[in-house]
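Biologist: I would like a close look at a single part of this model, taken slowly, with the reasoning laid out as you go.

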Amino acid sequence: IYTPWSSWKIVARKDLVGSREVEEVLEKLNQGIKWFREHEEEAVRYISRELDYEEADAREWMKGVRFADDVRGVRRSVLERTVETLKKAGVLVGEGRKLEEWVGSMRDEDEEA
């Protein structure tokens with residue numbers, strides 16, 4: 001099943017967006033992604049041993065997975081496609097909020113994931 005959004009997004013209450021605590025979590029995630037990319041063999045071993053996947057499945061998954069260079073923000077086009085999909089599914093009805101009201105920060109369109 002294809003969805004117009006990535007497999008996960010990070011959410012925080014509006015009053016916490018940009019706070020030291022949230023920024024620390026986002027930076028730790030960025031560091032983890034960087035490590036994962038730089039240590040592919042160790043990542044495959046971890047996935048197969050700790051997450052109960054076959055090593056071949058983990059390797060195949062690694063071929064197609066993409067991670068953002070920075071987990072902060074979301075691209076406008078992703079929000080637009082997501083809202084359009086949810087409207088078609090009947091989950092969202094009417095005009096509702098402006099896209100900027102849904103996110104703490106927008107990402108440039110040319111940025112990864």
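In helix α2 (residues 40-50), which residues are buried? Please go on from there to whatever surrounds that helix.

Modeller: Please keep in mind throughout that this is a predicted model. Within α2, which runs over residues 40-50, the buried residues are Ala43, Val44, Ile47 and Ser48. These four cover an arc of only 125° around the axis, which puts them on the same side of α2. The general background is that an α-helix has 3.6 residues a turn, so residues three or four places apart point the same way. On the face of α2 turned away from its buried side one finds the exposed residues Arg49 and Glu50. As for what covers the buried residues of α2, the cover includes helix α1, residues 20-38, and helix α3, residues 55-64. Just after α2 the backbone has a feature worth noting, in that Asp52 takes a positive phi of about 60°.

The two covering helices can be followed further through their aromatic side chains, since the structure holds 3 aromatic pairs. In one of them, the rings of Phe36 and Trp61 have their centres 6.3 Å apart and their planes at 80°, and because planes over 60 degrees apart count as edge-to-face, this pair is given that name. Phe36 belongs to helix α1 and Trp61 to helix α3, so the pair ties together parts that are 25 residues apart in sequence. The two partners differ in their exposure: Phe36, at 16% relative accessibility, counts as buried, whereas Trp61, at 41%, counts as partly exposed. Trp61 also pairs with Phe67, and here the ring centres lie 6.3 Å apart with the planes at 75°, so this pair too is edge-to-face. Ring pairs thereby link Phe36, Trp61 and Phe67 into a cluster.

Helix α1 also contains a polar residue to look at, Asn30, which at 10% relative accessibility counts as buried. A polar atom of the Asn30 side chain lies 2.9 Å from the backbone nitrogen of Val71. If its neighbours within four places in sequence are left aside, Asn30 is in contact with Asp69, Asp70, Val71 and Arg72.

To draw the picture together, α2 has its buried residues Ala43, Val44, Ile47 and Ser48 on one and the same side, with α1 and α3 included in what covers them, and those two helices are themselves tied by the pair of Phe36 and Trp61.

How values were computed:
Residues are numbered from 1 along each chain as its sequence is written. This is a predicted model: local features need pLDDT of at least 70, side-chain atom pairs count only at pLDDT 80 or more; totals for chains, interfaces and linings use all residues. Side-chain values use heavy atoms; hydrogens and water are left out. Buried means under 20% relative accessible area, exposed over 50%, partly exposed in between (1.4 Å probe, protein chains only). The arc is that of the directions from the helix axis to the C-beta atoms. Contact means heavy atoms within 4.5 Å. Rings of Phe, Tyr and Trp (its six-membered ring) pair if their centres lie within 6.5 Å; planes under 30 degrees apart count as stacked, over 60 as edge-to-face and the rest as tilted. A polar contact is a pair of N or O atoms within 3.5 Å; within protein, one must be able to donate a hydrogen and the other to accept it, and residues adjacent in sequence count only if both atoms are side-chain atoms.
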